[in-house]
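Grab your favourite viewer and work through these exercises one at a time. Try each task before you peek at the solution below it.

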2 protein chains.
Amino acid sequence: MKESVAPDGSRHAIPTHGEALAQFEELRWRAPAFPKTVVVQGLGFVGAAVAAVIAGARDAAGRPLYFVIGTDLATPGSYWKVAKINAGEAPIGSPDAELGALIEDGTRATGNLRATTCEEAYGLADVIVVDLPLDVTGWDGGTGIEIGLATFEAALGAIGRHIRPDTLVVIETTVPPGACEKIAAPILERERRARGIAKPLLLAHAYERVMPGPRYVDSIRRFWRSYSGADARSAAAAGEFLQSFIDTGSFPLWELPNTASSEMAKLMENSYRAVNIAWVHEWTLLAERLGVNLFEVVESVRVRKGTHDNMRYPGFGVGGYCLTKDSLLAQWSAGAMFGADVTLGITLEALRINRRMPLHTFDLALELAGGSLAGKRVLVAGVSYLAEVADTRSSPTEILVDELARAGAEAVVHDPHVRCWPERPGVEMVESLQQGLEAADGLVLAVPHRAYQRIEFTGERLKFVVDAQNVLDDDRAQWLHERGMRVAGVGKGHWRKSGY
Amino acid sequence: MKESVAPDGSRHAIPTHGEALAQFEELRWRAPAFPKTVVVQGLGFVGAAVAAVIAGARDAAGRPLYFVIGTDLATPGSYWKVAKINAGEAPIGSPDAELGALIEDGTRATGNLRATTCEEAYGLADVIVVDLPLDVTGWDGGTGIEIGLATFEAALGAIGRHIRPDTLVVIETTVPPGACEKIAAPILERERRARGIAKPLLLAHAYERVMPGPRYVDSIRRFWRSYSGADARSAAAAGEFLQSFIDTGSFPLWELPNTASSEMAKLMENSYRAVNIAWVHEWTLLAERLGVNLFEVVESVRVRKGTHDNMRYPGFGVGGYCLTKDSLLAQWSAGAMFGADVTLGITLEALRINRRMPLHTFDLALELAGGSLAGKRVLVAGVSYLAEVADTRSSPTEILVDELARAGAEAVVHDPHVRCWPERPGVEMVESLQQGLEAADGLVLAVPHRAYQRIEFTGERLKFVVDAQNVLDDDRAQWLHERGMRVAGVGKGHWRKSGY
């Protein structure tokens, strides 16, 4: 019997298809007790939260609007999410307690939330919400980009094989512009035609803006949402569905005229952030040479509300599932889908800079260590890609730790929110920051978790500290310097000028 | 006798040095009637307005705080500014009536505003405000940059030859980071030492954020201001001076710790805008290929206040004195002053894209004209670099008109705010948009002046219209299309898709 192991270490036996189908029978008789059925395809960081929020939707009388079925694959890498939800637990650790409460409420009290591996679920759906991942599988640093379309295409095929004539398919996945029209619609149409369905397909794109963190649920329910339909009927149906679980009183829906527009909007949002981060990194390198504290400079410029108040601060790097790759989908689309000779030059340069960014922190550590890190034990504080979250996807700490290993250093990591690091299972993790510190030659502050603001520099071994996230103030840097430690900070040109 | 001709065509005899000195005597006896004397060096778009605002500063009892002397050169290119101010007129045309009122009031009613070409004026000053231009004189498109330092250095030398021991020098000019410390201070110190002045120099950097347009005066008096001093005494003196004419109740001053920080802040502000414009241009080219109306997409994304609400719209190009060159000062500084191997890659790429940007509008015109513009008469509507202003410095229309000429087209231009175009005196200007339109084969809407929103497409000759600034809505584009004209718009992929 195959098992699926969750990030928290829990183990879940993967059912055979027969077993899954037997369990699925419960869903078949349970669904009609609710006005409509929604299937959420893909139970990752987005899908699990979306399923929970939709299960929490109520009519004016407080009755659940939907029976919600989450689907994911019967594979070791995915099945645990199905098992967790059916056990009434959030598959994702989150500082937002509401997420867990919604899932518990849906699976137990209300009984309108279930998960399954059976694609037969799509046959029950009035609405299917697609929250699959769509990965960039290769990038040569320029316009040579490969996309992992096969999973996406297979999943849409499964929908098409079961979908009812009137089912609305809402794609939330971040896709290359043109994908709804040129990839999703043809697959769904082909499968529907094969089953004799002639009615026009209802297909919409409504990208999510889910933010892991303390406002996880609100980032779905109480935030702006744009959407578009493949045609007017689809758009109308999607608008009606979205307003049933989004607070559109405070955040009115924004309808865009076609799916390419909303597909593009999503990519531009994330490219914009990625570019602004990369741009600051260029000036960070300059500030360090000029003896300038770039944090102060950026702070002073941000008073210009509406034009400059989103200028980013210097930092360690860019991680997460979106900013590190989304723009590449647009560049891929230009060539592969539209045959357009358009190069998103700044956009691509920004991703290149952001991928190299953690190496600047490495360079600072190397300099403080006197030019060699061989044999040095370096504690990297922070593994997640964002303060106070547990998400380690594409964390920039990966890049630093790999480079430390190449340089012959012994990298150990700490993170108050991360117990195991699936992307780098071989790297030593310490549970106690203090003990880790006492056994290290160097410290890199890579994530500005609140816990790190109270670090006590005890022990005798520590020789250098690199602050990549403005965790230490000038007084603490001075204090370390006076005790014989070498100190450097990303964007802290004034420390360098002071000879720390 | 040499003359200086103003942009409005008025002619002014340039006085000899003897004549100027004789006129200067009036300033020498007039100054002591006021508590302090301020000299503003350089009477261009910034200096003239700054002088006017400082002359308008009053104490609690409503009495003028300063006698203000503006200085500029006794050259054909500059003297007219001196003459204009002494005649009580604003040297710059501006939609902000307050500018003219301040200058008239200062020169006539209060008598505390004068201009001169005599460097002896610096000897009267308690405060000298430096508003010189500092130009990029050469750029190879990469890190090869030349700066016209000679004028700047000569002007500072003139200050140093006359300055009193306690005079505060406030540099407002946008300079390469490090310039105050490594260029300005050494020149001033050298001249002061030669005159036996041992007292420490008072030197500050307080960059301006002047915006030509209807809020010209407010962009000095009622807006954020950052500053820094070469030392603590300089910073304190600069802060006291700035608060005497800036509304610091609403816009508290921001002191930065050293001059390199504020020099850098200014460059970053303008680089940030330039990069955000260039980035949108990349996506504009993509949107046009994908059939997407990028204006709608950007509009939808800008609901995200604080992170995305300053995303820029597609457009024609970037002009003006600042955004087109400021970032280059930083790149120059990195190499020439700090020997730093830092390349501001995104920053430079943005300037390259922005310089090419008007050529995209040219390409659209070429396409609509069927591949050749030879012999075609093309009316370009808009010469200034910004809507509703008269400023033509580095206008992107220059680039378009040059390219039209290269393609054998006959370019004529129109602008409701510009009577003569000093940068392209040979290009035909039409006063009547309507008459220009009736005699043209094609129209390019290059600047979104309000007047262009009411264009009537009369006459028979016009065959194509390129809207580079979202001036036409979809209905008007459709109307033109139905009358047999070809229509294209920057960022209007949906028009292309509709076969306009």
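**Exercise 1. Find the strands that pair with β11(B), and work out which way each pairing runs.**

Solution. Keep in mind that this is a predicted model.

- Start with strand β12 (residues 254-255) of chain B: two bridges tie it to β11(B), and the pairing is parallel. One contact to look up here is Ser226(B), whose bridge partner in β12(B) is Trp254(B).
- Now go to strand β10 (residues 202-205) of chain B, which is joined to β11(B) by two bridges as well, but antiparallel. Here Ser228(B) of β11(B) has His205(B) opposite.
- Last, check the faces of β11 (residues 226-229) of chain B. Ser226(B) and Ser228(B) point to one side, Tyr227(B) and Gly229(B) to the other, and all four are buried, leaving both faces covered.

**Exercise 2. Put the strands of the six-stranded open sheet in chain A in order, and name its edges.**

Solution.

- Walking across the sheet, you pass β15, β14, β13, β16, β17 and β18 of chain A, with parallel pairing.
- The edges are β15 (428-429) and β18 (486-489) of chain A, each of which pairs on one side only.
- For a look inside the sheet, take β13 (residues 377-381) and β14 (residues 410-414) of chain A: they run parallel and share five bridges. Ala381(A) sits opposite His414(A) of β14(A).

**Exercise 3. Classify the ring pair Phe295(B) and Tyr313(B), and say how buried each partner is.**

Solution.

- The ring centres are 6.1 Å apart and the planes make an angle of 15°. Planes under 30 degrees apart count as stacked, so this pair is stacked.
- Next, place the partners. Phe295(B) belongs to helix α10 (residues 294-301) of chain B, while Tyr313(B) is in the loop between α10 and α11 (326-337) of chain B; the two residues are 18 apart and the pair links distant parts of the chain.
- Then burial: Phe295(B) has a relative accessible area of 8%, so it is buried. Tyr313(B) comes out at 30%, so it is partly exposed.
- For context, the model has 18 aromatic pairs over all chains. Elsewhere, Tyr66(A), Phe241(A) and Phe245(A) make up one aromatic cluster.

**Exercise 4. Which rings have the charged ends of Lys182(A) and Lys325(B) over them?**

Solution.

- Lys182(A) has its charged end over the ring of Phe338(A), 4.8 Å from the ring centre.
- For Lys325(B) the ring is that of Tyr321(B), with 4.2 Å to the centre.

**Exercise 5. Describe the largest nonpolar core and the surroundings of Trp283(A).**

Solution.

- This core has 159 residues, and the ones with the most contacts inside it are Phe152 and Trp283 of chains A and B.
- Skip the neighbours of Trp283(A) within four places in sequence. What is left is Leu294(A) plus a set from chain B: Met264(B), Leu267(B), Met268(B), Ser271(B), Ala330(B), Leu344(B) and Thr347(B).
- Apart from this core there is another, of 45 residues, including Val53(A), Val82(A), Val129(A) and Val217(A).

**Exercise 6. What is the relation between chains A and B?**

Solution.

- Turn chain A by 180° with a shift of 0.0 Å along the axis, and it lies on chain B with an RMSD of 0.0 Å. That is how a two-fold axis relates copies.
- In chain A, Ile346(A) has the C-alpha nearest the axis, 3.0 Å away.
- Finally, 100% of the interface residues of chain A are interface residues in chain B too, so the copies meet through the same surface.

Technical notes
Residues are numbered from 1 along each chain as its sequence is written. Chains are lettered from A and ligands numbered from 1 in the order in which they are written. This is a predicted model: local features need pLDDT of at least 70, side-chain atom pairs count only at pLDDT 80 or more; totals for chains, interfaces and linings use all residues. Side-chain values use heavy atoms; hydrogens and water are left out. Copies are superposed by least squares on the C-alpha atoms of residues with pLDDT of at least 70 in both. Contact means heavy atoms within 4.5 Å. A nonpolar core is a set of buried Ala, Val, Leu, Ile, Met, Phe, Trp, Tyr and Cys residues joined through side-chain atoms within 4.5 Å. Buried means under 20% relative accessible area, exposed over 50%, partly exposed in between (1.4 Å probe, protein chains only). Rings of Phe, Tyr and Trp (its six-membered ring) pair if their centres lie within 6.5 Å; planes under 30 degrees apart count as stacked, over 60 as edge-to-face and the rest as tilted. A charge sits over a ring if NZ of Lys or CZ of Arg is within 6 Å of the ring centre and within 35 degrees of the ring normal. Two strands pair if DSSP finds at least two bridges between them.
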